[in-house]
Amino acid sequence: MPMDAVEPDTPPPAATDDAPRVINTDDGAKDGLAKCARCGATEISLNVATGNLRCGFCRFEWSTDNAIEAFNLNGDISALAGLLVGSGSSDIVPSTEEILTFKCSACGAEVVIDTNTSTQARCHWCRNTLSMNQQVPNGAVPDMILPFKVEKSTAVEKIAHFVGKRKFFAHPTFRAEFNAENVMGVYLPYMVVDINAHAKLSGQGEHQTRSYTVKVGDSTQQRYDADLYNVAREFDIHVNDLTVESSSDRLDQNTAVNSNNIINTIMPFDVENSVRYDSNYLAGFTSERRDSNLDQLAPLAHTQAEDITRHRVNDTLKFYDRGVRWAAEEVDVRGQRWVSAYLPVWLYSYQQRKSNGKTFLHYVAVNARTGETMGSIPLHQSKLLLVSGIVQLVGTVIGLVLVAVGI
Ligand SMILES: [Zn+2]
Ligand SMILES: [Zn+2]
């Protein structure tokens, strides 16, 4: 496309009733030097043991407000109507810079923050730390953050234990290169979604009344009688704190090239303990910027709401012991609330170079709130074959013994 392409004239979209209502989550947020209230130092980081921010000089500790309470996000889901979004979840404006420049108020130098990996940077001249806490439409500052709670040493132990149990089957190159100390603390971007929906299902269900056998020629056949019912269910469903990945890299669940699906298995997170965003929670960790908008993520959330609905309705269908077939299923989303959050994960990653020249990304991930650990490791194929060979052999020997004793 030529650089000077002229935008066609389009009228601005008319305001409608379903325009999202915005919950402002960066009121009072300041960019620049974030100072310790007691001594003025900017050397501030998370004390994982207490969940507080701590000054590196005078050890003063404090924390930011619980975000759910501060932004009134735990309101009655049944009263949710229309679309409610946090200001940190607004659509990403493609022209927004990812590399932002701030003026250091201590020495006047210009400091660059690469929002792809952090919202903090140290001034090269006066060594003070500058933070970005105000939201700009590039997805770098979320509505809230859930601080790390599991210490790095614990994560290292959990990863070493996970890999240790699987070492026998692991690829020798992986075994030689494995070092749990290489784990990284990463804040991954998520959307936390509440949904108020109305479900309407109708179809037919069968309830068995009799079961018996009949003789057909020389053989017998099992028969049953059943009553056929028209079945309908209509109810409200309230989905609380559904978490949806909002980084396109993580949403890529192509199991041929990565093991992103691992991250789903270490859920859930106690998102209700998220706090108001402060870049100082990121010091010493990395973060991944949100790069997906609500339009892209809403279908995923709604599909999950439908799955939950179907799962829930099954509890009411016990009478229909021969099953229910739905002819119509309708889940009408009446209200939804979306807020963006950074959730903490300890991540050990390993890039496997396969013999065909392709690479595969393996992870061992630790939920940094609950310690839940799951991973994928490259396997040693010939050892796997050997083991299945032995299992088969043992199976054959047992078979022979059984034959020998005449069973
Ligand atoms: Zn201090
Ligand atoms: Zn400076």
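This briefing walks through two zinc sites, a small group of paired strands and several salt bridges in the structure above. The model is predicted, so local features need pLDDT of at least 70 and side-chain atom pairs count only at pLDDT 80 or more, while totals for chains, interfaces and linings use all residues. Residues are numbered from 1 along each chain as its sequence is written, chains are lettered from A and ligands numbered from 1 in the order in which they are written, and side-chain values use heavy atoms, with hydrogens and water left out.

**Zinc ion (ligand 1)**

- Four cysteine sulfurs hold this ion at 2.3 Å: the SG atoms of Cys36, Cys39, Cys55 and Cys58. Donors here are N, O and S atoms within 2.8 Å of the metal (3.2 Å for Na, K and Ca), and sites may look incomplete because water is not among the atoms.
- The arrangement is tetrahedral because the four donor atoms subtend angles of 103 to 115°. For four donors, tetrahedral requires all angles between 85 and 135 degrees. As a yardstick, the ideal angle for four tetrahedral donors is 109.5 degrees.
- Along the chain, the donors follow the spacing C-x2-C-x15-C-x2-C. Cys39 sits in the loop between strand 2 (32-33) and strand 3, and Cys58 in the loop between strand 4 and strand 5, so this pair ties together parts 19 residues apart in sequence. Strands (E, at least two residues) and helices (H or I, at least four) are DSSP runs, numbered from the N terminus.
- Cys55 is buried at 0% relative accessibility, whereas Cys39 is partly exposed at 41% and Cys58 is partly exposed at 22%. Buried means under 20% relative accessible area, exposed over 50% and partly exposed in between, with a 1.4 Å probe and protein chains only.

**The sheet beside a zinc donor**

- Strands 3, 4 and 5 form an open sheet in the order 3-4-5, with antiparallel pairing. Strand 3 (44-47) and strand 5 (61-62) are the edges; each has a single partner strand, so one side of each lacks a neighbour in the sheet.
- Strand 3 pairs with strand 4 (residues 52-55) over four bridges; two strands pair if DSSP finds at least two bridges between them.
- Ile44 stands opposite Cys55 in strand 4, and Cys55 is one of the donors to the zinc ion (ligand 1).

**Zinc ion (ligand 2)**

- Cys104, Cys107, Cys123 and Cys126 coordinate this ion through their SG atoms, at 2.3 Å.
- Angles of 101 to 119° among the four donor atoms make the site tetrahedral.
- The donor spacing in sequence is C-x2-C-x15-C-x2-C. Cys104 lies in the loop between strand 7 (99-103) and strand 8 (110-114), and Cys126 in the loop between strand 9 (120-122) and strand 10 (129-131), 22 residues apart.
- Cys104 is buried at 2% relative accessible area, while Cys126 is partly exposed at 26%.

**Salt bridges**

- The count comes to 10 salt bridges, each a side-chain nitrogen of Lys or Arg within 4 Å of a carboxyl oxygen of Asp or Glu.
- Arg369 and Asp270 form one, with their closest N and O atoms 2.8 Å apart. The partners are 99 residues apart: Arg369 is in the loop between strand 17 (359-367) and strand 18 (373-375), and Asp270 in the loop between helix 5 (261-264) and strand 14 (275-276). Both residues, Arg369 and Asp270, are buried.
- Arg210 and Asp225 meet at 3.4 Å, N to O, linking strand 12 (residues 184-216) with strand 13 (residues 219-245).
- Glu329 and Arg310 meet at 2.6 Å, N to O, and a salt-bridge network links Asp307, Arg310 and Glu329.

Definitions and conventions
Tetrahedral: all angles 85-135°; square planar, octahedral: opposite > 155°, others 65-115°.
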